[in-house]
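Here's a walk through the sheets and cores of this protein, with a stop at one charged residue along the way. Have the fold open on your screen as you read.

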Amino acid sequence: MNDDAKVQTTRDEELPFMRQVITTPLHFEVARESQTNLWRSWNGYTVADVLTSIDAEYLALHQYAALTDITPLYKYHISGNEALAWLQRFVTGNLVALSTHDVLRVVFCEDRGHVVGDGLLFCLGENDFRLVTEEPHFSWMHDSAIGFQVCIEDVSATLAAMSLQGPLSASVLAEAGFSGVDNLPFGRAKWFDVGGVPVYVSRNRLWGEHAYDLWMEPGDASPIWMRLLDRGVPFRLRATGFALREIARVEAGLPRAGVDYFSAFAVIDPDNALTPYELGFADLVDCEATQFTGRVALRADAGVAPRRRLVRVAID
């Protein structure tokens with residue numbers, strides 16, 4: 001029996017009630033690439049921490065291409081006649097110019113202007129959105145939606161996701177059948193048909209110039225992952241783990257909820273709650289555009305220098 005058959009047999013025999021860990025749709029594919037057997041928990045899922053060595057994975061990130069399973073991120077589908085109206089009340093930015101397939105970084109606060117969380121907002125169509133976050137916010141979103149005709153669903157388990165980063169990432173995607181992906185502008189997403197599999201590809205500047213996120217049905221994740229690894233061989237594509245993603249995040253200066261800051265609802269001492277200005281999210285706040293939660297407090301703080309500020313330090 002070859003390795004592929006063994007993996008498939010294991011997958012078929014492992015019934016859900018027998019599992020000791022919560023796995024992503026890419027767990028077995030990632031495990032096959034692992035040479036270290038180093039795993040960690042991310043939002044309840046067991047994911048690879050380092051697959052080969054952190055040095056080799058770091059080299060791939062900065063010189064070639066690195067592929068990572070990011071399925072454990074929380075994903076919420078927002079729809080309904082007043083979906084946009086509710087979002088304009090929920091997030092601190094201006095959504096007036098948002099159009100289909102736009103991707104926007106957003107932050108949301110409580111009444112005192114303290115950050116509850118941040119994430120990426122996808123406009124899928126008219127009054128049809130997806131919010132992707134690091135931490136769970138389902139209860140807060142539902143509480144905030146009282147009085148609005150909006151449907152909020154946790155679709156985290158129905159979407160698989162992977163990140164492709166590195167200077168040769170666009171070349172890998174093009175070789176794998178994502179024709180024209182190099183023309184995808186920042187802050188936009190697009191559907192691609194790859195061998196009959198629909199894949200939603202998004203691009204933003206948060207992770208640097210050469211970073212793409214791929215979103216698909218859980219059942220389609222495995223063939224897309226294997227296709228990328230196969231077509232990425234000439235470009236020295238490497239499967240990578242969570243540890244490298246954390247290094248890339250720190251290098252990009254991206255605050256991570258639960259690590260660099262805590263939600264206003266999670267802090268023990270209220271004095272430890274932070275405003276968007278203190279977290280470096282000032283460009284995500286537009287106090288003149290809409291009436292959003294926390295607007296009064298943030299408008300009062302807008303002209304005052306923050307008493308503390310999270311900053312990125314580069315050591316030469």
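## A charged residue out of sight

First, a term we'll need: a salt bridge here is a side-chain nitrogen of Lys or Arg within 4 Å of a carboxyl oxygen of Asp or Glu. Also keep in mind that this is a predicted model.

Now look at Asp213, which is found in strand 12. Asp213 is buried, yet has no salt bridge. Which side chain of opposite charge is nearest to Asp213? That's Arg245, at 5.3 Å, and a salt bridge needs the nitrogen and oxygen within 4 Å. As for what Asp213 does touch, leaving out residues up to four places away in sequence, the list is Ile70, Met162, Ser163, Tyr200, Val201, Ser202 and Asn204. One of these, Ser163, is the residue standing opposite Asp213 across the strand pairing.

## The six-stranded sheet

Strand 12 belongs to an open sheet of 6 strands, in the order 10-11-12-9-3-13 and with mixed pairing. Strand 9 and strand 12 run antiparallel and are joined by 6 bridges. Out at the edges are strand 10 and strand 13; each has a single partner strand, so one side of each is left without a neighbour in the sheet. From one strand to the next, the twist averages 25°.

There's a helix to spot here too. Helix 3, residues 54-63, lies across strand 3, strand 9 and strand 13. Its angle to strand 13 is about 135°.

## Two nonpolar cores

In soluble globular proteins, nonpolar side chains tend to be buried together. In this model, the largest nonpolar core has 31 residues. Met162, Phe178, Val199, Val201, Leu214, Ile224 and Leu228 have the most contacts inside this core. Several elements give it two or more residues, including strand 3 (65-69), strand 9 (160-165), helix 6 (169-175) and strand 12 (211-216). The top contributor is helix 7, with 5 residues.

For a closer look, pick Phe178. Setting aside neighbours within four places in sequence, Phe178 is in contact with Leu173, Phe192, Val194, Val199, Val201, Leu214 and Leu228. Apart from this core lies another, of 22 residues, and among them are Ile78, Val91, Val116 and Phe129.

## The five-stranded sheet

The other sheet to trace is open as well, with 5 strands in the order 5-6-7-4-8 and antiparallel pairing. Its edge strands, strand 5 (103-109) and strand 8 (151-154), each pair on one side only. Here the twist averages 30° from one strand to the next.

Strand 7 is a good one to follow. On one side, strand 7 (residues 128-133) is joined by 6 bridges to strand 4 (residues 74-79), and the two run antiparallel. Along that pairing, Tyr74 stands opposite Thr133, while Lys75 has Val132 as its bridge partner. Strand 7 also pairs with strand 6 (residues 115-125), again in the antiparallel sense over 6 bridges, and there Phe122 stands opposite Arg130.

How many residues separate strand 6 and strand 7 in their hairpin? Just 2 residues lie between them, and Asn127 in the turn has a positive phi of about 55°. Is strand 7 largely enclosed or largely open? Buried residues make up 5 of its 6, so strand 7 is largely enclosed by the rest of the structure.

Methods:
Residues numbered from 1 in each chain as written. Predicted model: local features only at pLDDT ≥ 70, side-chain atom pairs only at ≥ 80, totals over all residues. Heavy atoms only, no water. Core = buried A, V, L, I, M, F, W, Y, C linked by side-chain atoms within 4.5 Å. Buried < 20%, exposed > 50% of the residue type's maximum accessible area, 1.4 Å probe, protein only. Helix = DSSP H or I, 4+ residues; strand = E, 2+ residues; numbered from the N terminus. Contact = heavy atoms within 4.5 Å. Pairing = 2+ DSSP bridges. Axes fitted to C-alpha atoms, helices over the stretch in contact; angles between N-to-C directions. Lys, Arg positive; Asp, Glu negative; His and termini not counted.
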